[in-house]
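Please work through the exercises below with the sequence and the model side by side, and try each task before reading its solution.

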Amino acid sequence: QARDVTVTAVGAALAVNLLIFLVLMLGYEFFSRALPSVYRGRSIHKPNQDDRSTISSSQSDRHISLPPSKLPFGWVVPIMKVSWSQLLKTSGLDAYMFIR
């Protein structure tokens, strides 16, 4: 026998998912600031000038530089402004198709 889903059940599922989303986003904000070498490794560990000669231009250009922000969730607006062509250039076709 089939039962319909109640409005209360949908509201409870929405509330639980919203709580999980907030915990994950706040965790990301905290850990990205506490462990910058993990979350912004390419921008922190840049190769010196001697090492750049061994890196091809296609490898050295495969990074999107975002302006640092002291505000919580200050990375959201710059991420939304990244163009599709820049995303394709830096991430490759597989990631481009997955995100698109």
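The exercises that follow concern a predicted model, and each is given with a worked solution.

**Exercise 1. The chain as a whole**

Task: Describe the secondary structure of the chain, the share of its residues that count as buried, and the accessible surface of the chain.

Solution: Begin with the secondary structure, where the chain shows eight helices and zero strands, so that the pattern read along the sequence is α-α-α-α-α-α-α-α. Next, turn to burial: of the 100 residues of the chain, 9% count as buried. The accessible surface comes to about 8800 Å², and carbon and sulfur atoms hold 64% of that surface. Finally, consider the contacts with a separation of 6 or more, of which 48% are accounted for by residues 24 or more positions apart.

**Exercise 2. The surroundings of Glu29**

Task: Determine whether Glu29 is buried or exposed, and list what Glu29 touches beyond four places away in sequence.

Solution: First locate the residue, which is found in helix H1, spanning residues 7-34. Its relative accessible area is 6%, and because buried means under 20%, Glu29 belongs in the buried class. Then look for its contacts, leaving out residues up to four places away in sequence; Glu29 touches Leu71, Pro72, Phe73 and Trp75. With Trp75 there is also a polar contact of 2.3 Å, which joins the two side chains.

**Exercise 3. The salt bridge**

Task: Find which residue forms a salt bridge with Glu29, and compare how accessible the two partners are.

Solution: Side chains of opposite charge can pair when their charged atoms come close. A search of the whole structure finds one salt bridge, and it is formed by Arg33 with Glu29, their closest N and O atoms being 3.2 Å apart. Both residues lie in helix H1, four residues apart, which is about one turn of the helix. Now set the accessibilities side by side: Arg33, at 41%, counts as partly exposed, whereas Glu29, at 6%, counts as buried.

**Exercise 4. The aromatic pairs**

Task: Work out how many aromatic pairs a search of the whole structure finds, and describe the geometry and accessibility of each.

Solution: The search finds two aromatic pairs. One is formed by Tyr28 and Trp75, with 5.4 Å from centre to centre and 75 degrees between the planes, and this arrangement is edge-to-face. Tyr28 lies in helix H1 and Trp75 in the loop between helix H5 (57-60) and H6, so the pair ties together parts that are 47 residues apart in sequence. Tyr28 has a relative accessible area of 29% and is partly exposed; Trp75, with 28%, is partly exposed as well. Phe30 and Phe31 form an aromatic pair that is likewise edge-to-face, with centres 5.0 Å apart and 75 degrees between the planes. Here Phe30 counts as exposed at 55% relative accessibility, while Phe31 is partly exposed at 40%.

**Exercise 5. Tyr39 and its contacts**

Task: Place Tyr39 in the secondary structure, and identify its contacts outside the four nearest places in sequence.

Solution: Tyr39 is in helix H2, which covers residues 36-39, and with a relative accessible area of 38% Tyr39 is partly exposed. Setting aside neighbours within four places in sequence, Tyr39 is in contact with Tyr28, Phe31 and Ser32. For Tyr28, which is eleven residues away along the chain, the C-alpha atoms are separated by 9.3 Å.

**Exercise 6. The nonpolar patch and Phe73**

Task: Trace which elements give two or more residues to the nonpolar patch on the surface, and then examine the phi angle of Phe73.

Solution: The patch is formed by Leu18, Phe21, Leu22, Leu26, Leu66, Phe73, Val76, Ile79 and Met80, which together have about 830 Å² of accessible area. The elements that give two or more residues to it are H1 and helix H6 (76-80), and the largest share, four residues, comes from H1. Leu18, for instance, lies in helix H1. Phe73 is placed in the loop between H5 and H6 and counts as partly exposed, at 32% relative accessibility. To judge its backbone, recall that most residues other than glycine have a negative phi. Phe73 has a positive phi of about 60 degrees although it is not a glycine.

Methods:
Residues numbered from 1 in each chain as written. Predicted model: local features only at pLDDT ≥ 70, side-chain atom pairs only at ≥ 80, totals over all residues. Heavy atoms only, no water. Buried < 20%, exposed > 50% of the residue type's maximum accessible area, 1.4 Å probe, protein only. Polar contact = N/O pair within 3.5 Å; in protein donor to acceptor, adjacent residues only side chain to side chain. Contact = heavy atoms within 4.5 Å. Salt bridge = Lys/Arg side-chain N within 4 Å of Asp/Glu carboxyl O. Patch = residues over 30% accessible without salt bridge, like charges linked within 9 Å, V, L, I, M, F, W, Y side chains within 5 Å. Areas by Shrake-Rupley, 256 points an atom, 1.4 Å probe, with all protein chains shown as cover. Phe/Tyr/Trp six-rings, centres within 6.5 Å; stacked < 30°, edge-to-face > 60°.
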